[in-house]
Amino acid sequence: MFPTMTKIIVTVSSVSDDEETLTNFLKEGVHIFRINLSHGTSYQHEHSILNIRKCAKEMGIVPVICLDTRGPEVRIEIAERSEIPLKEGDKITFSNVRTSNKIFLPIPDFTKFPLKSKIYLDDAMLAIEVLETSKCECTGRAMNSHRLKNNKKASLPGLVFEDNESEARDKKDFEIILKHKIDVVLASFINSKKEVESLKKLIGSEDVLIFSKIETLRGVENIDEIIE
C-alpha cells in the first residue's frame with residue numbers, strides 16, 4: 001500500500017463550518033482547511049477555526065488550518081442595488097466618493113488611469129475600458145456583458161497606489177493567526193521582497209509557513225527577489 005501523497009484542501013466559510021459538515025469533510029480525507037479572510041468577520045473566522053479543531057480532535061486528527069489574507073485589495077461598492085446588469089457597450093461611472101448613482105471605487109486619483117486602459121472586475125469576468133477621468137471620477141465602457149454584484153474585487157493592471165487600510169487589516173488578521181497558532185498563511189497580492197519581510201515581522205513566528213501569492217504585474221516583475 002502506497003502512502004497518500006495527495007492532500008485535499010477545502011475552503012470553509014460560515015455556511016460550511018457547522019460540526020456535521022466539518023466531520024464529513026474529515027471522514028472524506030480532507031487534510032487542509034482554508035479560510036478566506038476577504039469574506040466574513042473576525043468572529044466568524046475564529047468560530048470556524050474552533051469548530052475545525054473541535055471536530056478533528058474528536059476524531060483523533062491534527063488538521064492543518066490555512067488563512068488566506070486580504071492584502072492590498074480593492075473592492076467596489078454598489079449603493080442601493082445588490083447588482084447591476086451590464087451589456088457590452090454600456091457606460092459605467094466610478095467615484096471615490098460614496099454616492100447613490102455611481103459605483104464606489106476607493107482610488108485616490110482616477111487621473112492615474114491612462115485612457116483606454118482596462119479595469120477588470122469580479123475576477124476578470126467583466127472588463128471596463130477607461131474613457132474619461134477626473135480626480136474623483138472615472139467613466140468607462142463595458143467590453144462584455146455581465147451582472148456585476150456588490151463587493152467584487154477590482155484588478156488595476158500596472159497601477160500603483162497606497163492602500164492605507166491594508167496594513168491595519170493585516171494586523172487584525174495576524175492577531176487571529178497568533179492567537180490560534182495557525183499553520184499556514186497564503187499572503188495575497190505580494191509585490192516585493194519588502195512586503196514579505198513586513199509580513200514575517202507582523203507574524204513574528206518561525207512556525208508559520210508563508211506562501212506568497214503573485215497576483216499583480218509588479219509581483220511578476222519582482223518574482224526573483226520575492227523567492228529569495
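User: What makes S9 and S10 a hairpin?

Analyst: The two strands have 4 residues between them. They run antiparallel and share 4 bridges. Two strands pair if DSSP finds at least two bridges between them, so S9 and S10 qualify. Lys118, for one, has Glu129 in S10 as its bridge partner. Strands here are DSSP runs of E, at least two residues long; helices are runs of H or I, at least four, and both are numbered from the N terminus.

User: How were these features selected, and how are residues numbered?

Analyst: This is a predicted model, in which local features need pLDDT of at least 70 and side-chain atom pairs count only at pLDDT 80 or more, while totals for chains, interfaces and linings use all residues. Residues are numbered from 1 along each chain as its sequence is written, and side-chain values use heavy atoms, with hydrogens and water left out.

User: What is notable about phi of Asp122?

Analyst: Phi is positive there, near 55 degrees, and the residue is not a glycine. Most residues other than glycine have a negative phi. Asp122 lies in the turn of the S9 and S10 hairpin.

User: Why is Asp122 called buried?

Analyst: Its relative accessible area is 12%. Buried means under 20%, exposed over 50%, and partly exposed in between, with a 1.4 Å probe and protein chains only. The value of 12% falls under the 20% limit, so Asp122 counts as buried.

User: Lys116 also has a positive phi. Is Lys116 buried or exposed?

Analyst: Exposed: the relative accessible area of Lys116 is 61%, which is over the 50% limit. Its phi is about 75 degrees. Lys116 sits in the loop between strand S8 (103-104) and strand S9 (118-121).

User: Which residues make up the covered face of S9?

Analyst: Ile119 and Leu121 do. Lys118 and Tyr120 form the uncovered face. In a regular strand the side chains alternate between the two faces of the sheet.

User: How do you know that S9 pairs with S13?

Analyst: 2 bridges join S9 to strand S13 (residues 153-155). The rule asks for at least two bridges, so the pair counts. The two strands run antiparallel. Tyr120 stands opposite Ser155 in S13.

User: Which side chains of strand S6 point to the buried face?

Analyst: Ile84 and Leu86 point there, while Glu83 and Pro85 point to the other face and are not buried. S6 (residues 83-86) pairs with strand S12 (residues 146-149), antiparallel, over 4 bridges. The bridge partner of Pro85 in S12 is Arg147.

User: Why are Phe110 and Phe113 called edge-to-face?

Analyst: Their ring centres are 5.6 Å apart and their planes stand at 90 degrees. Rings of Phe, Tyr and Trp (its six-membered ring) pair if their centres lie within 6.5 Å; planes under 30 degrees apart count as stacked, over 60 as edge-to-face and the rest as tilted. Both values meet these limits, so the pair is edge-to-face. The structure holds 1 aromatic pair. Both Phe110 and Phe113 are buried.

User: What puts the charge of Arg98 over the ring of Phe104?

Analyst: The charged end of Arg98 is 4.0 Å from the ring centre. The rule wants NZ of Lys or CZ of Arg within 6 Å of the ring centre and within 35 degrees of the ring normal. The distance of 4.0 Å is within 6 Å, and the contact is listed as sitting over the ring.

User: How do you know that the length of helix H2 agrees with its expected span?

Analyst: H2 (residues 42-58) has 17 residues and should span 24 Å; its end C-alpha atoms are 25 Å apart, which agrees. The expected span is 1.5 Å times one less than the number of residues. Buried residues in H2 include His45, Ile49, Ile52 and Cys55. Gly60, with a positive phi near 70 degrees, follows the helix.

User: What makes S1 and S15 edge strands?

Analyst: Each pairs on one side only. They belong to an open sheet of 5 strands, ordered S1-S2-S3-S14-S15, with parallel pairing. S1 and strand S2 (residues 32-36) share 3 bridges, and Ile9 has Ile32 as its partner in S2.
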